[in-house]
Amino acid sequence: MLHLRLMIPADRTEEVVGLLESTVGATHLAVIPGASRDPQGDLVMCDVAREAGDELIGALREIGIAESGSIAVENIDLSLSARADRAEEDAPGEGADAVLWEHLADATHEESTLSATYLAFLALATMIAACGVVLDNAILVVGAMAVGPEFGPLAGFCTALVRRAPRLALRSLVALIAGFAAAMAVTVVFSFFMDAVGLFTEAKLDGERPNTGFVYAPDWFSFVVAVLAGAAGMLSLTSAKSGALVGVAISVTTVPAAANAAVALSYGDLGQTWGSSKQLLLNLLGIVVAGTLTLLVQKYFWSKQRERTARKTI
């Protein structure tokens, strides 16, 4: 269940209450006249089944409540109520499958911003991965994958394509390109330093690396895994099952490929640099294609679900 807290001008309260009362899956409606001081007006609260939440939030935005008042949405971890149980039964679909497009757009907007924290995490992840590929240490490579924050801009780009939001698409693309460029540049400097102190050597980079050699040898398996991970990652973001996102992060070789390219470049090994760059681009392409298709399928599914529900209520 979701909890909605609405601050509404007093002359719009009846309209909003009517909308909430007519929404399948909404319950626990409460109106507190005059409780809102900024903006001046009434406080209206209700609970709504997650699978009906996106349509209700969209309807509230269509009538201008986000401009004249405010809409706050919270997840309810526990609700002991027979009314809540009936609301979830009446709402179409399953809550875990529901897509809250406003929440997704807001989350990806924040995650796709080129901030100092984003750059720091990506640079640190790439340097950790650099240590992993030189030492042929799979544990370090997996750790670097988990630290890397690059799925946020990727998800933002997919969301922007589906919602036709050019600003979000540009912001996500800038975060991806500038982020990886900056992280790889820092890793090149890091590689020079590690070589100077004797911790990195060209012999280690060119030696047998059974655990990490795949990062500069892209093939169709790389693309297939990226596609599967992209679909899983987008499902994780859009559903109530967000715990799968960590597994997605360690399924693709974006950060290790960028790290290997940077280390190889520091030694002038253009073969590994090019191979790792192709691995990076192949993974990014697979994630974007799968993520976008996943969102399109979800959008189509929920539009059909709403049509069936509308026909039943007529």
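## A tour from Phe 190 to helix α2

Start by selecting Phe 190, which counts as buried because its relative accessibility is 19%, and the cut-off for buried is under 20%. The model on screen is predicted.

A search of the whole structure gives two aromatic pairs. In one of them, Phe 190 meets Phe 200 edge-to-face, with 5.9 Å from centre to centre and 90 degrees between the planes. This pair links distant parts of the chain: Phe 190 belongs to helix α9 (residues 166-196), while Phe 200, ten residues apart from it, sits in the loop between α9 and α10 (202-206). Phe 200 also counts as buried, at 2% relative accessibility.

Go next to Trp 220 and Phe 223, also an edge-to-face aromatic pair, at 6.1 Å centre to centre and 85 degrees between the planes. Both residues lie in helix α11 (residues 220-238), three residues apart, or about one turn of the helix. Trp 220 counts as exposed, with 68% relative accessibility.

Now select strand β3 (residues 40-48). Seven of its nine residues are buried, so β3 is largely enclosed by the rest of the structure. Strand β1 (residues 2-8) pairs with β3 in the antiparallel sense over seven bridges. Strand β2 (residues 26-37) is also antiparallel to β3, over seven bridges, and the two form a hairpin with two residues between them. Centre on Leu 43 in β3: Met 7 is its bridge partner, and Ile 32 stands opposite Leu 43 as well.

Finish at helix α2 (residues 50-62), whose 13 residues reach 19 Å from first C-alpha to last, close to the expected 18 Å. Its buried residues include Leu 56, Ile 57 and Leu 60. Just after α2, Gly 64 has a positive phi of about 85 degrees.

Key: Residues numbered from 1 in each chain as written. Predicted model: local features only at pLDDT ≥ 70, side-chain atom pairs only at ≥ 80, totals over all residues. Heavy atoms only, no water. Buried < 20%, exposed > 50% of the residue type's maximum accessible area, 1.4 Å probe, protein only. Helix = DSSP H or I, 4+ residues; strand = E, 2+ residues; numbered from the N terminus. Pairing = 2+ DSSP bridges. Expected span 1.5 Å × (residues − 1). Phe/Tyr/Trp six-rings, centres within 6.5 Å; stacked < 30°, edge-to-face > 60°.
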